[in-house]
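Q: I'd like a close look at a single part of this model. Please pick one strand and walk me through what its side chains are doing, then put it in context, with the cut-offs spelled out as you go.

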Amino acid sequence: MGAEALTRPGRLLVAALAGVLLVGGCARAAAPAPVAEHSARLEAGGVTVEAVLADGQVQATFRPQRPGFHLYSLDLPPDGVQGLGIPTVVAVRGSLDAIGDPSADKPVNELRIEELDVTLPVYPDGPVTVTLPVRSIGDGPAEVVVTYGACSASTCLPPVRERAMALT
């Protein structure tokens, strides 16, 4: 049966179906390609760090390997408070540039040490994820650089300072 044998409503239905197929095909062709993720992993200082680069940001998740351990806040001064504490730091280098400030997914708690008359900003015990907005500044290798220290109520683990993690 040719197109001339179709009634007007039939021709309209065929035209509508052809339009749906055409638009649907174009929509699939125009969909953006998935963004490739790059990642890195580090185990040091009693903490496992997993960093992922995707969608214009680096997310670094710090997981203390033992229960009851916390990390210090991003807001802790570089030299700590009265020399106590190691701030959590997430930075990038190589083909990446930070375009904003890092932020954490956990609230900051105040850890008061009465014997030393000091209060330290820390995250709750357990994992914390720090997000850093970034942009690419060229081809080549990219690294996430982390600094952190993990402590419990009674002990601190060896700090990790400026450790580079190659994103692959």
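A: Starting with the whole molecule, the accessible surface of the protein chain comes to about 10100 Å², and 56% of that belongs to carbon and sulfur atoms; these areas come from the Shrake-Rupley method with a 1.4 Å probe, and for residues only the protein chains shown count as cover. Keep in mind that this is a predicted model, where local features need pLDDT of at least 70 and side-chain atom pairs count only at pLDDT 80 or more, while totals for chains, interfaces and linings use all residues. Residues are numbered from 1 along each chain as its sequence is written, and side-chain values use heavy atoms, with hydrogens and water left out.

The protein chain has 1 helix and 13 strands, where helices (H or I, at least four residues) and strands (E, at least two) are DSSP runs numbered from the N terminus. Along the sequence, the helix leads and the strands follow. Of the 168 residues, 34% are buried; that means under 20% relative accessible area, with exposed being over 50% and partly exposed in between (1.4 Å probe, protein chains only). As for contacts (heavy atoms within 4.5 Å), 64% of those between residues at least 6 apart in sequence join residues at least 24 apart.

Now for the close-up, which is strand β3, residues 57-64. Thr 61 sits in this strand, and its 14% relative accessibility is why it counts as buried. Leaving out residues up to four places away in sequence, Thr 61 touches Thr 48, Val 49 and Glu 50, and also Pro 127, Val 128 and Thr 129. With Thr 129 there's a polar contact as well: the two side chains come to 2.8 Å. For that term, you need a pair of N or O atoms within 3.5 Å; within protein, one must be able to donate a hydrogen and the other to accept it, and residues adjacent in sequence count only if both atoms are side-chain atoms.

Next, Phe 62. Rings of Phe, Tyr and Trp (its six-membered ring) pair if their centres lie within 6.5 Å; planes under 30 degrees apart are stacked, over 60 edge-to-face, and the rest tilted. By this rule there is 1 aromatic pair. The partners are Phe 62 and Tyr 148, whose ring centres are 5.4 Å apart with planes at 70 degrees, so the pair is edge-to-face. Because Phe 62 belongs to strand β3 and Tyr 148 to strand β11 (residues 142-148), the pair ties together parts 86 residues apart in sequence. Both Phe 62 and Tyr 148 are buried.

Away from the strand, you'll find 1 disulfide, which takes a pair of cysteine sulfur atoms within 2.5 Å. This one joins Cys 151 to Cys 156, S to S 2.0 Å, and is right-handed, with 110 degrees about the S-S bond. Cys 151 is buried at 4% relative accessible area, whereas Cys 156 is partly exposed at 48%.

For a contrast with the buried strand residues, look at two loop residues. Gln 82 lies in the loop between β4 (70-71) and β5 (89-94) and is exposed at 61% relative accessibility. Though not a glycine, Gln 82 has a positive phi of about 55 degrees. Asp 117, in the loop between β8 (109-113) and β9 (118-122), also isn't a glycine and has a positive phi near 55 degrees. Asp 117 is exposed too, at 51%.
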